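Have the sequence and the model open side by side before you read on. We'll start in the middle of the protein and work outwards.

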Amino acid sequence: MGAKLVVLLGLAAASALGSSVRGRIVTDDGMPLPASAQVALRCGTPAKSEVGIDLDGWFELSNLPDSVGCSVTVTARGYRTASVSLAELPADPLIPAAVLHRLGKNHGESISVTHLAAPADARGHFHAAVRVLEQETAGAIDRALDHLQSAVRAYPAYAQAWFEIGRLQLALADASGALQAFQQSVQADPWFVSPYEPLLLLLRSNGDAVGAERACAKLRQINPALPPGCGGG
């Protein structure tokens with residue numbers, strides 16, 4: 001879900017070194033951070049202290065040494081590690097200090113702009129669905145679907161949520177529900193790449209050659225390098 005994490009460390013001014021630093025890690029697309037995300041203060045090879053990050057992305061480092069040889073390292077499962085010198089952290093909390101890039105993602109994978117435009121209550125349900133699925137507990141898919149359905153009720157143009165609904169419907173072997181969700185997703189945001197591949201597969205499996213051709217034409221507007229038929233033969 002997204003090509004990179006932009007790490008915004010909302011940090012105290014440099015004069016605060018020697019006391020504590022409070023900052024926030026957020027995604028540039030508004031996606032919630034993985035539960036595995038951590039911030040570590042490293043001062044020399046063996047010496048380090050680690051802190052967790054709360055659900056809103058905030059962390060705090062305390063008892064900071066008055067040393068320019070220390071660095072802040074941000075890690076999260078599935079992302080490349082990022083590191084920045086403690087002395088070079090920006091005083092302005094709105095200035096990005098580092099970028100974590102997602103591993104295994106290809107250029108052109110996207111997050112829908114509707115995710116950024118969604119109202120807070122819709123995004124809240126979306127984030128809750130992501131966290132439920134992260135826990136991998138019994139009934140997680142059904143609970144996540146409830147949250148995502150609430151998200152699209154609050155914001156019917158929520159392409160990102162429709163896409164996730166489609167993926168979960170596929171996991172439940174509900175091809176019809178998945179098809180409808182992917183169609184809603186591309187209708188809400190025709191420039192959102194992610195739903196097109198499963199949409200094309202479902203349209204072709206249903207024998208809807210005309211629908212598949214139209215979807216392929218839209219996808220080739222985004223990526224003209226794709227072959228005619230979008231690789232569907």
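Which residues have the most contacts inside the largest nonpolar core? Keep in mind as you look that this is a predicted model. The residues to click on are Phe-126, Leu-148, Val-152, Tyr-158, Ala-161 and Ile-165, and the core they belong to has 19 residues. Helix H2 (120-135), helix H3 (140-154) and H4 are the elements that give two or more residues to this core. The top contributor is H3, with six residues. In soluble globular proteins, nonpolar side chains tend to be buried together.

Ile-165 is a good place to zoom in. Once you leave aside its neighbours within four places in sequence, Ile-165 is in contact with Leu-145, Leu-148, Gln-149, Val-152 and Ala-181. Apart from this core lies another one, made of 17 residues, and Ala-159, Leu-179, Phe-192 and Leu-200 are among them.

Leu-200 takes us to helix H6, residues 196-205. Which residues of H6 are buried? They are Tyr-196, Pro-198, Leu-199, Leu-200, Leu-202 and Leu-203. The cover over these buried residues includes H4, H5 and H7. Just after H6 comes Gly-207, with a positive phi of about 75 degrees.

Now back to H4 for a charged pair. How many salt bridges does the count come to? The answer is one, and it joins the side chains of Arg-167 and Glu-164, with 3.0 Å from N to O. The two residues sit three apart in helix H4, so about one helical turn separates them. The partners differ in how much surface they show: Arg-167 is partly exposed at 40% relative accessibility, whereas Glu-164 is buried, with a relative accessible area of 5%.

Follow the chain out of H4 and you reach Ala-173, in the loop between helix H4 (159-171) and helix H5 (175-188). What is odd about the phi of Ala-173? That phi is positive, at about 65 degrees, although the residue is not a glycine. Ala-173 is also exposed, with a relative accessible area of 70%.

Next, find the cysteines. The structure holds one disulfide, formed by Cys-216 and Cys-230, whose sulfur atoms are 2.1 Å apart. Cys-216 lies in helix H7 (residues 209-222) and Cys-230 in the segment after H7, so the bond ties together parts that are 14 residues apart in sequence. Is this disulfide right-handed or left-handed? The torsion about the S-S bond is about 100 degrees, so the disulfide is right-handed. Are its two ends buried or exposed? Cys-216 is buried at a relative accessible area of 5%, and Cys-230, at 15% relative accessibility, counts as buried too.

Finally, zoom out to the whole chain. You should be able to find seven helices and eight strands. Of the 233 residues in the protein chain, 41% are buried. What about the contacts between residues at least 6 apart in sequence? In that set, 55% join residues that are at least 24 apart. As for the outside, the accessible surface comes to about 12000 Å², and carbon and sulfur atoms account for 53% of that surface.

Methods: Residues are numbered from 1 along each chain as its sequence is written. This is a predicted model: local features need pLDDT of at least 70, side-chain atom pairs count only at pLDDT 80 or more; totals for chains, interfaces and linings use all residues. Side-chain values use heavy atoms; hydrogens and water are left out. Helices (H or I, at least four residues) and strands (E, at least two) are DSSP runs, numbered from the N terminus. Buried means under 20% relative accessible area, exposed over 50%, partly exposed in between (1.4 Å probe, protein chains only). A disulfide is a pair of cysteine sulfur atoms within 2.5 Å. Contact means heavy atoms within 4.5 Å. Accessible areas come from the Shrake-Rupley method with a 1.4 Å probe; for residues, only the protein chains shown count as cover. A nonpolar core is a set of buried Ala, Val, Leu, Ile, Met, Phe, Trp, Tyr and Cys residues joined through side-chain atoms within 4.5 Å. A salt bridge is a side-chain nitrogen of Lys or Arg within 4 Å of a carboxyl oxygen of Asp or Glu.
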